[in-house]
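User: I'd love a close look at one residue in this chain, together with the fold it sits in. Could you walk me through it?

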Amino acid sequence: MLAASVHAFVAGEKVAGIYDHSANRHLRIAAEARGNHLQGYDDDRSIRFGGTLPELFDTGDKVFISLLIEGSSAQGYDRGSSGFYTVNVVDRLVQLYDHSRSEWFAFSIQIA
């Protein structure tokens, strides 16, 4: 969800799907940003997510996620995992660093 959201804001492109490199699988997640507003759908979890910056809401986990966009990167706090994160966008590759787990994750973005 976070990778799709950040890419939609940074690149201004409608996300139609994601490939999670660490899990080696495609995720059916879509997201579209217009100005500071985002709407998205996670088909694998059958939930909606979105909101207006700097707060997004995940209706599945029922948690808010703060998101601050700075150029081609973002940072914030996930209230569900109680962890900070950093995200970098390079073309259609999104790299996410989870500070609480001290791990990097990579996602390839599919555009609608």
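Here is the part I have in mind, followed by a connected reply.

User: Where is glutamate 103 placed, and which residues beyond its close sequence neighbours is glutamate 103 in contact with?

Analyst: Happy to help! Please keep in mind that this is a predicted model.

Let's begin with the setting. The chain has one helix and 11 strands, and read from the N terminus the order is α-β-β-β-β-β-β-β-β-β-β-β. With a radius of gyration of 12 Å, close to the 13 Å that the globule rule gives for 112 residues, the chain is as compact as a globular protein of that length. Along the principal axes, its C-alpha atoms fill a box of roughly 30 × 30 × 25 Å. Of the 112 residues, 39% count as buried. Taking the contacts between residues at least 6 apart in sequence, 32% join residues at least 24 apart.

Now to your residue. Glutamate 103 belongs to strand 11, which covers residues 103-111. Its relative accessibility is 33%, and because buried means under 20% and exposed means over 50%, glutamate 103 counts as partly exposed. Setting aside neighbours within four places in sequence, glutamate 103 is in contact with Leu96, Tyr97 and Asp98. Its side chain also takes part in a polar contact of 3.1 Å with the side chain of arginine 101. Looking further back along the chain, tyrosine 85 is 18 residues away in sequence, and the C-alpha atoms of tyrosine 85 and glutamate 103 are separated by 9.8 Å.

Charge adds some wider context: the chain carries 10 positive and 14 negative side chains, and the centres of the two sets lie 6 Å apart. The accessible surface comes to about 6000 Å², with 49% of it belonging to carbon and sulfur atoms.

While you have the model open, some backbone details in the loops are worth a visit. The peptide bond from leucine 53 to proline 54 is cis, with omega near 15 degrees, and proline 54 lies in the loop between strand 5 (47-52) and strand 6 (55-58). Serine 46, in the loop between strand 4 (37-42) and strand 5, has a phi near 55 degrees, a positive value in a residue other than glycine. Serine 46 is exposed, at 52% relative accessible area. Lysine 62 sits in the loop between strand 6 and strand 7 (63-70). Phi of lysine 62 is positive, near 55 degrees, and with a relative accessible area of 63% lysine 62 is exposed.

How values were computed: Residues are numbered from 1 along each chain as its sequence is written. This is a predicted model: local features need pLDDT of at least 70, side-chain atom pairs count only at pLDDT 80 or more; totals for chains, interfaces and linings use all residues. Side-chain values use heavy atoms; hydrogens and water are left out. Helices (H or I, at least four residues) and strands (E, at least two) are DSSP runs, numbered from the N terminus. The radius of gyration is taken over C-alpha atoms; the globule rule is 2.2 Å times the number of residues to the power 0.38. Buried means under 20% relative accessible area, exposed over 50%, partly exposed in between (1.4 Å probe, protein chains only). Contact means heavy atoms within 4.5 Å. Accessible areas come from the Shrake-Rupley method with a 1.4 Å probe; for residues, only the protein chains shown count as cover. Lys and Arg count as positive and Asp and Glu as negative; His and the chain ends are not counted. The place of a charge is taken as NZ of Lys, CZ of Arg, CG of Asp or CD of Glu. A polar contact is a pair of N or O atoms within 3.5 Å; within protein, one must be able to donate a hydrogen and the other to accept it, and residues adjacent in sequence count only if both atoms are side-chain atoms.
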